[in-house]
Amino acid sequence: MISAPELRSVVDDIKRVAAGDYGNTSDEEAGSDGTQNTFGGRAYDIDRLHADDARDKVFVAILKALVARHNRPSSPKELATCIMKHEFTMLG
């Protein structure tokens, strides 16, 4: 089980990623194929992250990648590239 301070640290780290400029330099709302992103404007509550989920480093890295990509629909390859580029965690 993860302790409360460790959980708070993980949540704060995800919020730091959300506040940073990790996204692409292209238009945030339009996809590469010109379609409109309907997921970008939705709010999320990262404070509700469960302790068991916060323990999994790959899951947390996926969350960080989704936050960094402004919750755009992404393929597993795009998420993996984002995770490795920003060094959110080591992938096998």
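The lining of the second largest pocket in this predicted model is mixed in class, with five nonpolar, two polar and five charged residues. The pocket has a volume of about 190 Å³, and the residues that line it are S9, V10, D13, A54, R55, D56, K57, V60, A61, K64, F88 and T89. Helices α1, α2 and α3 are the elements that each give two or more residues to this lining, and the largest share, four residues, comes from α3. Several of these lining residues reappear below, and they offer a convenient route from the pocket into the rest of the chain.

The setting is an all-helical pattern: the chain has four helices and zero strands, and read along the sequence it follows the order α-α-α-α. Of the 92 residues in the chain, buried residues make up 27%. Among the contacts with a sequence separation of 6 or more, those between residues 24 or more positions apart account for 63%.

One of the lining residues, T89, is placed in the segment after α4, the helix that spans 76–85. Is T89 buried or exposed? With a relative accessibility of 19%, T89 counts as buried, because the cut-off for that class is under 20%. Once its neighbours within four places in sequence are left aside, T89 is in contact with K57, V58, A61 and I83. Of these partners, K57 and A61 are also named in the pocket lining.

Another route out of the pocket runs through charged side chains. Side chains of opposite charge can pair when their charged atoms come close. The structure holds four salt bridges, and D13, which lines the pocket, takes part in a salt bridge with K64, where the closest N and O atoms are 2.3 Å apart. This pair links distant parts of the chain, since D13 lies in helix α1 and K64 in helix α3 (residues 57–68), with their positions 51 residues apart in sequence. The two partners fall in separate accessibility classes: K64 is buried, with a relative accessible area of 8%, whereas D13 is partly exposed at 23%.

D13 also meets R16 in a salt bridge, at 2.5 Å from N to O. Here the partners are local, because R16 and D13 are three residues apart in helix α1 and so are separated by about one helical turn. R16, with a relative accessible area of 44%, is partly exposed. Which residues are linked with D13 in a network of salt bridges? The network joins D13, R16 and K64, so that D13 has one partner about one helical turn away in α1 and another in α3.

A further salt bridge is found in α1, between D12 and R8, whose closest N and O atoms are 3.6 Å apart. Both residues lie in helix α1 (residues 4–19), four residues apart, which is about one turn of the helix. D12 counts as partly exposed at 39% relative accessibility, and R8 is likewise partly exposed, with a relative accessible area of 39%.

From the charged side chains the reader can turn to the nonpolar ones. In soluble globular proteins, nonpolar side chains tend to be buried together. The largest nonpolar core has 19 residues, of which V10, I14, L49, A65 and F88 touch the most other members. The elements that give two or more residues to this core are α1, α2 (51–55), α3 and α4, and the largest share, six residues, comes from α3. Helix α3 therefore gives the largest share both to this core and to the lining of the second largest pocket. V10 and F88, named here among the core members, also line that pocket. A65, not counting residues up to four places away in sequence, touches L79, C82, I83 and F88. I83 is thus a contact of A65 and also of T89.

Finally, α4 offers one more point of reference in A80, which lies in that helix. A80 is partly exposed, with a relative accessible area of 23%. Although A80 and L91 are 11 residues apart in sequence, their C-alpha atoms are 7.9 Å apart in space.

Key. Residues are numbered from 1 along each chain as its sequence is written. This is a predicted model: local features need pLDDT of at least 70, side-chain atom pairs count only at pLDDT 80 or more; totals for chains, interfaces and linings use all residues. Side-chain values use heavy atoms; hydrogens and water are left out. Buried means under 20% relative accessible area, exposed over 50%, partly exposed in between (1.4 Å probe, protein chains only). Contact means heavy atoms within 4.5 Å. A nonpolar core is a set of buried Ala, Val, Leu, Ile, Met, Phe, Trp, Tyr and Cys residues joined through side-chain atoms within 4.5 Å. On a 1 Å grid over the protein atoms alone, a cavity is a set of points where a 1.4 Å probe fits but cannot get out, and a pocket is an open set with protein on both sides within 12 Å along at least five of seven lines; lining residues have an atom within 4 Å of a point. Grid points are joined across faces, edges and corners, and a volume is the space filled by probe spheres set on the points. Ala, Val, Leu, Ile, Met, Phe, Trp, Tyr, Cys and Pro count as nonpolar, Asp, Glu, Lys and Arg as charged, and the others, Gly among them, as polar.
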